[in-house]
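Me: I would like to go through the salt bridges and the largest pocket of a structure, one question at a time. Please show it before we start.

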Amino acid sequence: MEDRPLADLFPTPTRERWLGLVEGVLKGGDFEKRLVSKTADGIRIEPLYEPAAPVAQPMRAPGPWRIAQRVDHPDAQAAHDLAMADLEGGADALTLVFSGAVSARGFGITAEDVPTLDTALSGVMLSLIATRLDAGGRGLEAARLVQALAAHRNDDLGALDLDLGLDPIGTLAATGRLDAALPDIGAAVSSLLSEFDGAGFTGRAMLADGRPYHEAGASEAAELAATLATAVAYLRMLEAGGHDLARARDAVAILLVADADEYLTIAKFRAMRRLWARVEAACGLDPKPLRLHAETAWRMMNRRDPFVNILRTGMAACSAGLGGADSVAIVPYTASLGLADAFARRVARNSQIVLIEESNLARVADPAAGAGGFEALTEELTTTAWAAFQAIEREGGIVASLQAGAVQARIGETRATRTKNIATRREPLTGASEFPFLAEKPVTVLDLAPNQTLAPAFALGGTGTTTCEPLPSLRLAEPYEALRDASDAYLARTGGRPLVFLANLGTVAVFNARSTFAANAFAAGGIEAVNEEGFSESEVLGRAFAASGVRIACLCSSDALYATHAVDAARALKAAGATTVYLAGKPGDLAEGLKAAGVDAYLHAGGDLLALLQAALSEATHAAPSETSKA
């Protein structure tokens, strides 16, 4: 064998060489459409990036992020038992979620006095963990209750790692109402901070919360901009209340939402630290690490096949931790179904323990540093979010923008685009729009009915109010879940699911791909596919359909076989009583003939699956034979 230099055997990879290989694979296909994607903010995501020089990135304090668990059971003793199990099982931070808060989802701690809160936190040494209050409109009451508990226990406020979580602007955005004028609320929170500081408190009073914006459908830059604008509003609020900027800065924390998109979540958390550093510089302050909390996204949670939520929340927690979050709270995988039991809470905390202790993901301060894709995305997101923040500032700040409906309008545009993408499965939802599981087993939640009544928001006893159009709180899978609920109701009434007959043409090798595609698509609407055999004769197909007792059918085969058999097959199905005939695929040149033969609609990638399923479910459940016989 001829001796050759290694450089000849293994040439150095270059972008030009890679592009040449890509061109050969695409065979004339559009590079932009096939390999370049864009975020909801229009930021390009390239398929390949060059290594980047690491950028000086503000980071969290050294060490792993904290594992936070929600304390949200309405019964104090039950809340205590769950919290102690969490702490003994590896959590080192608690979020006290009070009833009446939007984030309580109808549950939450109902403590209104020190003995009740003391019961809920019995045995919890607050000086050894981090604690954040999540009380929504009851924030001032909750803060004073915790202050009274500390005094009752002789705890030094200065020794507690405590976030009071006061967020009147976030409450306004989520509910549309504050029961006091905002200047009066600003005076009240400033006074409370002065009182706490006088007792040695050094923690954070205010929380700029990204959840209301994210749950309404905000893009990454929109969430960053609104949250940053809220944080800046709190700096101004506290400064107007007599606190110097340095203390005001130290009194503000931020919470961002982590979702299952690894790249955007890591970049978003990194971008927030850069954005905050810009604010500090503008205020003439020396930079200090921002207290940055994370909670996994409510909007990505499925009620159907909820075990998939474990994968989503695990990825989200991983991404937030790698992005620099100080604490991460995983929403339990059953949360969209009810109040999580001990098992779901255990899964939530153990997911993070594996990431930190077994995977060692917290050992590197900034794992994304120098990675071309992450550095580029972080910088683009920082630039885009800063421009969006400046737009809010030009509108008079976050409160004025909310009252004018500007923030809501921009988020609404993004939400409309995402809604369309979900309907067409351009943004797939595993377990809902993709790979649905009709035979799923029920999961357990605690046997408690939610109370959706919200507490009065920062009621100070005056007559003033602050209002705006509230942002909606939505989960992405809700439209598909509504179809599945209708299917379940039909199953309960009739003993069977709505059905679609798969009119497979030809051999398995010919029809299998589209037959599988159609079965999964119809299952997303709770419609079960029947028939696994193929047909070569239209008459036999018609007799099989008539014998099935099904109302709707879907032709499945190859384009080549459609050209010779689809028209006759559609006629046979219609003659056999099919009220609606679908065809899996696009009609192409056959459209006119297929329409005349009775094909009503086409099931294909990129089509509006949600609209198709709504119509199909309505037809499949119309005047079912079993219901007619009962009547």
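Me: Which residues are linked in a network of salt bridges?
Reply: The model is a predicted one. The structure holds 48 salt bridges. Some of the residues involved are joined in a network, with Arg as the basic partner and Asp or Glu as the acidic one. The linked residues are Arg70, Asp72, Asp86, Arg132, Asp134, Asp209, Arg211, Glu295, Arg345 and Arg349.

Me: How many residues apart are Asp163 and Arg291?
Reply: The side chains of Asp163 and Arg291 meet in a salt bridge, with 3.4 Å from N to O. Asp163 belongs to strand E6 (residues 161-166) and Arg291 to strand E10 (residues 291-296), so-called distant parts of the chain. Both Asp163 and Arg291 are buried. Their separation along the chain is 128 residues.

Me: Is Glu375, the salt-bridge partner of Arg270, buried or exposed?
Reply: The closest N and O atoms of Arg270 and Glu375 are 3.5 Å apart. Arg270 sits in helix H12 (residues 262-282) and Glu375 in helix H15 (residues 372-394), so the pair ties together parts 105 residues apart in sequence. Arg270 has 0% relative accessibility and therefore counts as buried. Buried means under 20% relative accessible area, and because Glu375 is at 5% relative accessibility, Glu375 counts as buried.

Me: What separates Arg571 and Asp568 within helix H21?
Reply: Arg571 forms a salt bridge with Asp568, the closest N and O atoms lying 3.8 Å apart. Arg571 is partly exposed at 48% relative accessibility, and Asp568 is partly exposed with a relative accessible area of 42%. Because the two are three residues apart in helix H21 (residues 559-575), their separation is about one helical turn.

Me: Which residues lie nearest the centre of the largest pocket?
Reply: The largest pocket contains about 1200 Å³ of space. Its lining is made up of 32 residues. Elements giving two or more residues to this lining are helix H3 (31-35), strand E1 (37-38), strand E2 (44-45), helix H13 (308-323) and helix H17 (406-423). Nearest the centre lie Asp261, Arg418, Arg426, Glu427 and Pro428.

Me: How many residues of the lining of the largest pocket are charged?
Reply: Asp, Glu, Lys and Arg count as charged. The lining divides into nonpolar, polar and charged residues. The nonpolar group has 13 members and the polar group seven. The number of charged residues is 12.

Methods. Residues numbered from 1 in each chain as written. Predicted model: local features only at pLDDT ≥ 70, side-chain atom pairs only at ≥ 80, totals over all residues. Heavy atoms only, no water. 1 Å grid on protein atoms, 1.4 Å probe; cavity = no way out; pocket = protein on both sides within 12 Å on 5 of 7 lines; lining within 4 Å. Points joined across faces, edges and corners; volume = space filled by probe spheres on them. Helix = DSSP H or I, 4+ residues; strand = E, 2+ residues; numbered from the N terminus. Salt bridge = Lys/Arg side-chain N within 4 Å of Asp/Glu carboxyl O. Buried < 20%, exposed > 50% of the residue type's maximum accessible area, 1.4 Å probe, protein only.
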